[in-house]
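Work through the following exercises with the coordinates open beside you. Each one sets a task, and the solution then proceeds in steps.

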Amino acid sequence: MSGMVLYGIDISPPVRACLLTLKALGLQYEYKHVDILSGEQLAEDFTKNNPQHTVPTLNDNGTWLWDSHAICAYLVDKYAKDDSLYPRDLALRARLHQRLFFDASILYMPLRFITIPMFRFNRSIVPREKTQGVIEGYVLMEKFLANSPYLVGDRLTIADLCCVATASSLAGVVELEQEKYPKLHAWMERLKKLPYYEEGNGVGCKKYLEILKKRLTAIVS
Ligand SMILES: N[C@@H](CCC(=O)N[C@@H](CS)C(=O)NCC(=O)O)C(=O)O
C-alpha cells in the first residue's frame, strides 16, 4: 500500500488529535472508518498490525504506528516544514512531552473509565467518584495555562492539539464552567479559532457529546 492511511472514528478524542495534526500540517491522507462501537477494531486484519486494537492507527507507507501522541510527534518530525508544532529545543520538547503524557495518563483516563462500561456493557449510571478525575484534569489544565496562552509557552504545539481533543470531550461528563476555569475556557476558545478546528475536532466532538448525552442518564453519589 502506498500513501498514508489513518484508521479511526471521529467520536474518539485521540483520533481527533491526529486529524487536527494532519490538517495543521496540510497533509494528504486516506481516512478509513473503524466502527469501534461494533468491535471492528478486533478483526484479525486490524490486530495483526495493531495488537493493542486501538484507534487512531496510522499506516504511513508500511510504517504502522498507534497512540495519538506518538502519531502526532511522528507526523511533525517527518513532514513539517519547521519544528514549531513539536520543537526540537530540548527544554521545550521535554515540557511538551510532559503535557502529552499528562493527556495520555491523567486527562483522558477518567473518560475511558467512564465510557468503557457505557459502550461495552450498556451502563448508563456513573458513580460520582469517577467524575472526580475529570475535575482534577480541569484544575491541572487551569494551572498549566496560568501564565501562557498555549500549553507550552506562546506557540501552538501538538500538546494543544492532543489536549484540546480530550478536554473538549470531557464536557460530556462534567460541564466546563467558565467562572471556575477561565484560563482553560479562554484556551479552548483560542483553539476553536484555528481554521481546521471544526473539521478536525468540532464535528466529531459534537457527535461524541450527543452520544454521551443519550447514554449517560445519571451521576450518583
Ligand atoms: N492512548 C491512546 C488511547 C487510544 C484509545 O484508547 N482509543 C480507543 C477509542 S477512544 C479505542 O481504540 N478503543 C477500542 C479498544 O480499545 O478496543 C491514544 O492516544 O491513541
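**Exercise 1. Locate Pro56 in this predicted model and describe the peptide bond that precedes the residue.**

Solution. Begin with the secondary structure: Pro56 belongs to the loop that runs between α2 and β3 (57-60). Next, read the omega angle of the bond joining Val55 and Pro56, which is about 5°, and the peptide bond is accordingly assigned as cis. Finally, turn to the ligand, where Val55 is listed among the closest of the 14 surrounding residues, together with Gln41, His53, Asp67 and Ser68.

**Exercise 2. Describe the backbone setting of Asp67 and the contact that its side chain makes with the ligand.**

Solution. Asp67 is placed in the loop between β4 (63-66) and α3. Its phi angle is near 85°, a positive value in a residue that is not glycine. In the side chain of Asp67, an N or O atom lies 2.9 Å from a nitrogen atom of the ligand, and this distance falls within the 3.5 Å cut-off for a polar contact.

**Exercise 3. Find the side chains of Gln41 and Arg112 that approach oxygen atoms of the ligand, and then state how much of the ligand the protein covers.**

Solution. For Gln41, a polar side-chain atom is 2.9 Å from an oxygen atom of the ligand. For Arg112, the distance from a polar side-chain atom to a ligand oxygen atom is 2.9 Å. On its own the ligand has 510 Å² of accessible area, of which the protein covers 88%.

**Exercise 4. Establish where the ligand lies with respect to the pockets and the domains, and what makes up its shell.**

Solution. First, the ligand sits in the largest pocket. Second, sorting the shell by class gives 5 nonpolar, 6 polar and 3 charged residues. Third, at least two shell residues come from each of α3 (68-79) and α5 (109-121). Last, because domain 1 (4-79) and domain 2 (90-220) both contribute residues to the shell, the ligand lies between them.

**Exercise 5. Place Ser38 in the fold and identify its side-chain partner.**

Solution. Ser38 occurs in the loop between β2 (30-33) and α2 (44-47), and its side chain makes a polar contact of 3.1 Å with the side chain of Asp35. Although Ser38 and Phe119 are 81 residues apart along the chain, their C-alpha atoms are separated by 9.5 Å.

Key. Residues are numbered from 1 along each chain as its sequence is written. This is a predicted model: local features need pLDDT of at least 70, side-chain atom pairs count only at pLDDT 80 or more; totals for chains, interfaces and linings use all residues. Side-chain values use heavy atoms; hydrogens and water are left out. A residue is near a molecule or strand if one of its heavy atoms lies within 4 Å of it. A polar contact is a pair of N or O atoms within 3.5 Å; within protein, one must be able to donate a hydrogen and the other to accept it, and residues adjacent in sequence count only if both atoms are side-chain atoms. Accessible areas come from the Shrake-Rupley method with a 1.4 Å probe; for residues, only the protein chains shown count as cover. On a 1 Å grid over the protein atoms alone, a cavity is a set of points where a 1.4 Å probe fits but cannot get out, and a pocket is an open set with protein on both sides within 12 Å along at least five of seven lines; lining residues have an atom within 4 Å of a point. A molecule sits in a cavity or pocket if more than half of its atoms lie within 2 Å of its grid points. Helices (H or I, at least four residues) and strands (E, at least two) are DSSP runs, numbered from the N terminus. Ala, Val, Leu, Ile, Met, Phe, Trp, Tyr, Cys and Pro count as nonpolar, Asp, Glu, Lys and Arg as charged, and the others, Gly among them, as polar. Domain bounds come from an automatic or database domain assignment.
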